Amino acid sequence: MSTKLIVNGKPAAIESEPDTPLLWVLRDELGLTGTKFGCGMGLCGACTVHVDGEPTRSCSVDVSSVANKKVLTIEGLSLNGTHPLQKAWAAENVPQCGYCQAGQIMSAAALLARKKGKLTDADIEDAMSGNLCRCGTYQRIRKAIHRAAGEA
Amino acid sequence: MNRREFLQVSSAASAGLIVGLSFPAHAHSAGALSDLGAFIQIAKDNTVTLWVSKSDMGQDVRTTLPMILAEELDADWANVRIQQAHFDPKFGRQGTGGSSSIRTLWTPLRQAGANARAMLVSAAAAKLGVDAATLTVERGVISAANGAKVTFGEVAEEASRIKLAADAKPKEPSQFKLIGKATKRLDNGDIVTGKAGYGIDVKVPGMLYASVARAPVFGAKVKRVDAAKAKAVSGVKDVVQIAAKGTDLPWNGVAVVATSTWAAMKGREALAIEWEEGEHASESEEALRKQFAEIVDHGKPVTTRGDVSVIANATKKVEAQYDVPFLAHAAMEPLNAVAHVKSDGTAVVWTGTQFPDWIARSSAELLGTKPEQVQVHVTMLGGGFGRRANPDFALEAVQLSKAVGAPVKVQWTREDDMQHDFYRPASLHRISAALDDEGNVTAWHHRIAAASIDAYLEPGTQTPHESETPGVHDMPYDVPNFRTDFAAASSGVPRGWWRSVEHSINGFVMNSFLDELAHAGGKDPIALRLELLPKGFVQKAEGERNPARLWPFKSDRLRAVIELARDRSGWGKPLAAGRALGFAAHHSFFSYAAQVAEVSLDASGHPKVHKIVCVIDCGVPINPDGIRAQIEGGIVYGLAAGLGQKITMEAGRVQQSNFHDFPLLALPDMPQIEVHIVPSAEAPTGTGEPGLPPTMAAVTNAMFRLNGKRVRSLPVG
């Protein structure tokens with residue numbers, strides 16, 4: 001009764017119940033704990049992954065609904081943290097507690113993949129308004145995305 | 001602190017140089033490694049490792065504390081490593097809160113670093129056959145005048161056998177190279193790749209997962225549980241009751257234990273529980289506000305000077321009433337803990353906690369063992385803000401692991417987290433003041449009614465504690481007749497330490513009322529503060545362990561941040577149409593902050609905060625970029641609360657549940673924040689909290705300038 005997925009480029013046969021949210025499959029079954037649980041309702045964005053390239057709240061989709069699709073998590077975004085956003089995040093010293101940042105980076109990565117070249121503040125606000133950060137790192141997130149867009 | 005208390009050295013052949021540090025209240029005798037306090041290790045491979053005994057919830061002590069050590073050692077920053085200290089009495093006080101990590105570890109870390117450096121230099125002098133006084137140290141390399149060099153690692157073992165005759169002298173601030181330099185956090189690489197380990201990420205062999213249905217009314221007891229449907233959920237192993245334990249764990253619960261998080265959550269939804277609701281089932285927002293109004297004029301005096309009865313006959317009287325709600329912490333990582341209680345009674349806990357020692361003590365009480373038999377491993381914290389001070393979530397895991405005989409992870413949902421918090425107190429402030437003909441403030445009578453933290457932790461206490469009114473009873477302005485009264489309300493709602501604690505309320509109330517007084521007296525609000533602030537005042541405090549003795553309030557430091565905020569913000573200069581500035585300043589946790597907010601109003605009168613300029617004096621700025629980050633964070637935390645957050649009760653139940661009804665600030669709402677750090681040689685103090693208290697008053701004072709309406713109740717609109 002397994003569900004088949006492609007996770008970070010590799011096929012995975014999922015044994016969790018089909019109604020299990022993708023988030024808990026990634027975390028509990030596959031051990032990909034970089035994707036975080038925040039609200040369970042798609043309100044905070046901590047669980048953001050890409051499903052076939054689209055930024056997706058993994059807490060709010062059943063694993064069965066993404067069968068045979070390509071799932072990209074923070075662990076698969078780059079080798080050794082070399083994605084322009086990951087480098088920009090470090091350069092702008094964005095993280096405080098760090099918990100929401102994987103979700104922030106995955107949302108930003110989808111934006112950068114979708115829109116090449118220089119970004120406006122409005123582009124960033126549209127793409128990032130659903131990713132909450134309780135530590136208040138938004139000013140640095142905005143700078144880091146601009147920086148990465150300039151380098152990407 | 002004398003040398004015997006300070007310097008404890010161990011020479012373990014393979015370990016290089018290990019230096020401990022300890023604290024006056026926790027002095028250990030010098031001796032074996034096991035007796036050492038929080039320690040540093042200089043290994044043969046030249047790495048310098050600091051065991052970080054404070055919890056990192058975003059304030060980045062994991063970078064700032066090693067910076068202090070590396071500075072005094074003249075170590076190579078690239079070779080500095082950190083280890084998170086697990087709970088162990090040898091590390092001294094491990095509680096993290098009250099913006100205290102830097103202020104309490106500054107002196108011990110500098111002294112340990114200076115002593116270790118002196119020992120390394122002494123060992124190098126012997127090895128190179130030169131006088132120690134002729135050696136220089138840079139980036140972990142000790143050099144002689146003749147060009148000969150040795151690295152720390154090459155002399156670490158010899159250094160461990162050096163006996164210093166006296167403590168080495170730490171550097172003068174003018175000699176600092178690393179301190180004062182913006183330094184990136186050491187954890188950035190792990191965070192941006194998803195590798196950083198939080199409590200929620202802990203997995204140990206054989207671990208089961210639990211989700212807990214907690215009493216919906218505080219103090220309620222389980223009357224009856226029908227677990228049949230829950231047990232029928234695939235993956236569910238057991239249904240176990242959890243018993244409350246005083247204020248350490250204030251809620252009874254029914255846990256579903258399963259083979260995965262999702263199975264536990266589904267099982268928990270399938271539980272049918274009948275609760276005996278108890279005495280708090282009638283609590284409501286309306287009843288609490290009514291109670292506040294009834295008791296506020298009947299409080300007991302906290303501080304009195306002069307005679308506030310002069311207000312009755314004053315030329316001009318100003319009266320106002322402010323109220324603020326309960327607030328949840330809402331850290332991004334919902335609470336969780338893993339515990340493994342073994343058959344011999346010992347236990348291991350893994351969790352993101354601010355107080356591992358509290359968990360050990362309280363778990364030992366539950367298990368009938370000693371705190372030393374409870375190992376507590378501190379993970380990264382996905383936000384803390386005071387919520388991860390309390391041990392409740394770990395005590396749940398301990399009870400469950402004991403019951404099922406396996407390691408158990410308790411995973412809270414967002415709704416659990418919001419509805420079972422130790423809330424920021426709700427309160428009512430009724431203030432009356434007198435002005436003379438020239439607008440001078442001659443008297444101020446400040447009455448507070450609150451569901452306070454002390455009254456929660458020590459119910460029935462009749463004495464108002466100064467800890468309930470900081471920032472009010474000790475307000476820095478020179479008003480000749482001044483009195484603070486405090487009345488504790490009765491409520492079953494758990495209360496706890498929320499970022500900046502009572503200062504989060506009092507910074508708003510005091511700065512709002514000062515703005516009212518300035519307006520009533522026809523004065524500029526900044527000019528009024530500068531008039532009222534005494535010059536050259538230094539607070540006197542008694543008591544060996546009273547922090548106010550070590551970090552006394554100095555009025556000139558407050559004056560300086562006020563003046564700098566005025567000058568840097570363009571106060572008094574023309575602004576874009578429809579915008580106004582508001583001002584606030586507050587001293588808290590021994591640091592000084594002043595803020596100017598630039599605000600406009602939308603068509604419905606709701607504020608848009610465009611910019612906040614903050615000036616912070618936190619003594620020696622150790623990591624300026626870390627300080628800026630903390631101030632940004634404190635401002636955002638305060639803004640989110642003041643603009644839209646409240647926790648209310650109805651029929652004894654918390655009405656809010658998730659981010660749709662307890663909104664956080666999002667990226668589009670983020671104002672531009674400009675932080676100015678005052679250069680200083682004063683002993684450093686914290687910045688995690690002091691950025692928050694002025695924020696909302698700065699915003700609402702600007703709103704008043706735009707529409708003439710005074711905001712006296714938070715949240716706005």
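Q: What makes the length of helix H5 (residues 138-151) of chain A agree with what its 14 residues should span?
A: Happily, this one is quick to check. The rule takes 1.5 Å times one less than the number of residues. For the 14 residues of H5(A) that gives an expected span of 20 Å, and the end C-alpha atoms are 20 Å apart, so the two agree. Do keep in mind that this is a predicted model.

Q: Why are Tyr138(A) and Ile141(A) in H5(A) called buried?
A: A residue counts as buried if 20 or more other C-beta atoms lie within 10 Å of its own. Tyr138(A) and Ile141(A) are among the residues of H5(A) that are buried, as are Gln139(A), Arg140(A) and Arg142(A). Further along the helix, Ala144(A), Ile145(A), Ala148(A) and Ala149(A) are buried too.

Q: What covers the buried residues of H5(A)?
A: The cover comes from both chains. It includes helices H2 (84-91), H3 (101-114) and H4 (121-128) of chain A, along with H17 and strand E28 (672-677) of chain B.

Q: How do you know that chain A touches chain B, and how many residues of each are in contact?
A: Two residues are in contact if their C-beta atoms lie within 7 Å. By that test, 43 residues of chain A are in contact with 47 residues of chain B. On the chain A side, helix H1 (22-29), H2, H3, H4 and H5 each supply at least two residues. H5(A) gives the most, with 4. Sorted by class, this side of chain A has 22 nonpolar, 15 polar and 6 charged residues.

Q: Why does the radius of gyration of chain A agree with that of a compact globule?
A: For 152 residues, the globule rule puts the radius of gyration near 15 Å; chain A has 15 Å, so the values agree. The C-alpha trace of chain A spans about 45 × 25 × 25 Å along its principal axes, and 59% of the residues in chain A are buried. Chain A holds 5 helices and 5 strands, in the order β-β-α-β-β-β-α-α-α-α from the N terminus.

Q: Which residues touch the most other members of the largest nonpolar core?
A: Within this core of 214 residues, they are Ala210(B), Val349(B) and Ala397(B). Helix H17 (residues 624-644) of chain B gives the most to the core, with 9 residues. Apart from it lies another core of 46 residues, including Phe39(B) and Val80(B).

Q: What is Val349(B) in contact with, leaving aside its neighbours within four places in sequence?
A: Its contacts include Ala337(B), Ile359(B), Val374(B), His377(B) and Ala397(B).

How values were computed: Residues are numbered from 1 along each chain as its sequence is written. Chains are lettered from A and ligands numbered from 1 in the order in which they are written. This is a predicted model: local features need pLDDT of at least 70, side-chain atom pairs count only at pLDDT 80 or more; totals for chains, interfaces and linings use all residues. A nonpolar core is a set of buried Ala, Val, Leu, Ile, Met, Phe, Trp, Tyr and Cys residues joined through C-beta atoms within 7 Å. A residue is buried if 20 or more other C-beta atoms lie within 10 Å of its own, exposed if 12 or fewer, and partly exposed in between; C-beta atoms are placed from the backbone. Ala, Val, Leu, Ile, Met, Phe, Trp, Tyr, Cys and Pro count as nonpolar, Asp, Glu, Lys and Arg as charged, and the others, Gly among them, as polar. The radius of gyration is taken over C-alpha atoms; the globule rule is 2.2 Å times the number of residues to the power 0.38.
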